[in-house]
Amino acid sequence: MTATMMTEQLTLPDQATDADWWRGSVTYQIYPRSFQDHNGDGVGDLAGITSRLEYVADLGVDAIWLSPVFTSPMKDFGYDVSNYRDIDPIFGTLEDFDRLVQKAHSLGLKVLIDQVISHTSDRHAWFAESRQSRTNARADWYVWADAKPDGTPPNNWLSIFGGSAWTWDSRRMQYYMHNFLASQPDLNFHNPQVQEAVLGEMRFWLERDVDGFRLDTVNFYFHSTGLEPNPVVKPEDFNASTAPAVNPYNFQEHLYDKSRPENLEFLRRLRALVDEYPGKTTVGEIGDSQHQLELMAKYTAGHERLHMAYTFDYLGGEFSAEHFRRSIVATETAAADGWLCLAFSNHDVVRHVSRWAVHGQEQALTRLTAMMLLTMKGSVCIYQGEELGLTEAELAFEDLADPYGIEFWPQFKGRDGCRTPMVWQAQVRHGAFSTANKTWLPVPMDHLTRAVDTQDGVEGSVLEFYRAMLAFRKAHPVLAKGGIRILESGADVLAFTRYGQGEELLCVFNMSAETGEFVLPEGMAPQALDAPGVVAAPADGRIVLEPFGGYVGKVG
């Protein structure tokens with residue numbers, strides 16, 4: 001049976017599609033290596049994910065996002081693609097993928113897949129040909145440059161994963177550029193053939209009925225052809241949101257190696273492709289410490305580029321009312337016509353409970369952040385295990401698999417701590433993730449106490465709280481598609497209203513371990529709603545909130 005025939009058989013009948021479904025949607029991110037191992041080799045796979053989709057649907061989310069499952073040597077665990085049109089045998093087959101999409105759709109779940117097109121693996125056939133000579137058909141498909149007269153790299157550009165962004169290739173007697181590992185050479189998007197090729201790879205998956213793409217490092221596609229050196233970042237602009245503080249990558253303002261204006265035209269071409277398929281969507285990852293809001297505004301404004309994008313405002317940054325207020329106002333000001341995708345955790349950052357929690361307050365903070373995430377303006381991504389209140393795993397150096405962590409150990413421990421296997425049953429080996437003797441990353445013992453079977457149907461559990469908050473969000477469309485208005489509040493209290501869709505809600509959050517107070521604006525008398533976790537009630541023109549407490553009520 002051909003792939004086309006398989007796709008035709010598995011595609012569901014046409015249904016009325018809400019082209020705007022993505023706006024305010026909630027997506028559950030699945031890290032395939034760590035969700036469910038079906039074949040017992042210690043690594044999660046597509047069949048395993050398919051077997052657990054009822055659980056995901058029962059949460060009340062709208063879509064799933066799969067981190068890469070394409071053929072790959074796995075130097076960066078799938079973010080180094082060697083074949084965009086096939087599934088790596090670790091995860092299964094194209095038929096397994098089709099079955100996953102079919103089941104997800106039958107459960108009412110959309111399916112988004114990661115597209116890593118800024119670079120490929122050095123094992124990709126395109127690069128194997130490109131590096132053979134300076135005159136072959138794909139000689140200009142990657143970013144090649146001559147050495148300086150003294151043999152050193154062309155300029156000062158750095159790799160996020162450490163060291164120079166340039167690696168010498170003895171075949172061509174030139175350097176090639178890589179923003180990440182040396183085994184992840186950057187594609188040359190200035191070449192129209194490269195653009196056509198990557199858009200063709202995306203069309204392949206649209207034809208297999210995926211519902212959209214999460215676009216990895218979407219601002220990294222173009223570099224400056226002048227190869228100008230990046231300037232030193234101004235002290236007042238220095239931050240470690242894109243790379244860990246120990247990484248010298250942060251010392252530069254990355255004006256010339258990424259975030260180039262030429263990207264806007266390519267994003268128009270990408271959007272035109274996606275728009276050929278009704279109801280599909282795009283969400284871009286923007287990694288730029290100094291210009292992320294400016295880029296988000298440009299990349300998502302109007303209807304010709306990305307549908308939405310996410311920045312690192314809440315994937316890093318401090319847990320304070322001031323930081324959240326400032327970020328919300330900046331987003332509303334700089335990207336009034338854009339659309340933000342909100343996330344507090346994902347596969348690249350320390351889990352937010354560990355990142356933000358005051359010792360001894362993890363449970364309260366977990367519930368508060370769920371309330372905040374699901375009431376702020378934007379679409380939402382929930383990372384697997386977040387709904388269980390999982391913390392960052394502490395791993396020994398010998399257990400690390402992430403090259404990023406190995407490079408910068410011990411000050412930066414890499415991303416393995418947020419990628420450990422999902423825990424399904426507390427009393428089963430490896431949390432019922434796998435029957436293998438050893439899993440690709442160990443299952444932390446303290447995660448077992450938070451396994452799904454210890455929380456499912458248990459009143460007051462974090463899992464049931466997430467389910468209740470997701471149901472509450474669905475019951476109030478203003479939380480999905482309405483506007484946001486920041487209110488004056490105390491130093492440790494974040495307050496805003498969500499308005500539109502025929503409703504206005506007041507949302508107040510005490511982001512400290514001490515009792516907090518919010519003085520109601522004159523004339524405002526909010527009414528109680530069935531918002532999960534709300535204990536406080538308005539009295540005498542104010543709301544007194546318990547430590548890490550929240551309030552959501554109806555205005556008018």
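**Strands, rings and cavities in a predicted model**

In strand S2, the residue that bridges to Gln 29 is Trp 65. That contact belongs to a longer run in this predicted model: strand S1, residues 26–30, lies parallel to S2, and four bridges hold the pairing. S2 also pairs with strand S5 (residues 110–115), again in the parallel sense and over four bridges. Here Leu 66 has Ile 113 in S5 as its bridge partner. What covers S2 can be read from its side chains: both faces of the strand, which spans residues 63–66, are covered. Ala 63 and Trp 65 sit on one side, Ile 64 and Leu 66 on the other, and all of them are buried. Trp 65 thus turns up twice, as the partner of Gln 29 and as a buried residue on one side of S2.

Further along the chain there is a sheet with antiparallel pairing. Three strands make up this open sheet, in the order S6-S8-S7. Strand S6 (144–145) and strand S7 (166–169) are at the edges with a single partner strand each, so each has one side without a neighbour in the sheet. S7 and strand S8 (residues 174–177) run antiparallel and are joined by four bridges. Trp 168 faces a residue of S8 across this pairing, namely Tyr 175.

Aromatic contacts come next. Over the whole structure, the search turns up 37 aromatic pairs. One of these is stacked: Phe 127 and Trp 144 have ring centres 5.8 Å apart and planes at 0°, which is why the pair gets that label. It links distant parts of the chain, with Phe 127 in helix H5 (residues 125–130) and Trp 144 in strand S6, 17 residues apart. How exposed are the two rings' residues? Phe 127 counts as buried at 0% relative accessibility, and Trp 144 also counts as buried, at 13%.

Phe 161 and Phe 180 pair in an edge-to-face arrangement, with 5.5 Å from centre to centre and 70° between the planes. Phe 161 belongs to the loop between S6 and S7, while Phe 180 belongs to the loop between S8 and helix H6 (192–206), so this pair ties together parts 19 residues apart in sequence. Both Phe 161 and Phe 180 are buried. Elsewhere, ring pairs join up into a cluster made of Phe 70, Tyr 84, Phe 97, Trp 126, Trp 141, Phe 204 and Trp 205.

Rings also take part in contacts with arginine. Arg 52 lies over the face of Trp 424, 4.0 Å from the ring centre. A second case has Arg 485 over the face of Tyr 499, at 4.2 Å from the ring centre.

The loop between helix H12 (403–408) and helix H13 (445–448) has some backbone oddities to look at. Pro 410 is found in this loop, and the peptide bond leading to Pro 410 from Trp 409 is cis, with omega near 0°. His 430 is placed in the loop between H12 and H13 too. Its phi is near 55°, a positive value in a residue other than glycine. Ala 432, in that loop as well, has a positive phi of about 70° although it is not a glycine either. Are these residues buried or exposed? At 15% relative accessibility, His 430 counts as buried; Ala 432 is buried as well, with a relative accessible area of 13%.

That leaves the empty space inside the model. The structure holds four cavities of 30 Å³ or more. The largest has a volume of about 130 Å³. It is lined by 14 residues, of which Thr 331, Glu 332, Leu 340, Lys 377 and Gly 378 are the closest to its centre. Helix H9 (residues 321–334) gives the most to this lining, with three residues. By class, the lining of the largest cavity divides into nine nonpolar, three polar and two charged residues.

The second largest cavity has a volume of about 70 Å³. What kinds of residue line the second largest cavity? Its lining has one nonpolar, seven polar and two charged residues. Among the residues that line it are Asn 239, Thr 242, Tyr 249, Asn 250 and His 254, and the list also includes Lys 258 and Asp 288.

Methods
Residues numbered from 1 in each chain as written. Predicted model: local features only at pLDDT ≥ 70, side-chain atom pairs only at ≥ 80, totals over all residues. Heavy atoms only, no water. Pairing = 2+ DSSP bridges. Helix = DSSP H or I, 4+ residues; strand = E, 2+ residues; numbered from the N terminus. 1 Å grid on protein atoms, 1.4 Å probe; cavity = no way out; pocket = protein on both sides within 12 Å on 5 of 7 lines; lining within 4 Å. Points joined across faces, edges and corners; volume = space filled by probe spheres on them. Nonpolar A, V, L, I, M, F, W, Y, C, P; charged D, E, K, R; others polar. Buried < 20%, exposed > 50% of the residue type's maximum accessible area, 1.4 Å probe, protein only. Phe/Tyr/Trp six-rings, centres within 6.5 Å; stacked < 30°, edge-to-face > 60°. Lys NZ or Arg CZ within 6 Å of the ring centre and 35° of its normal.
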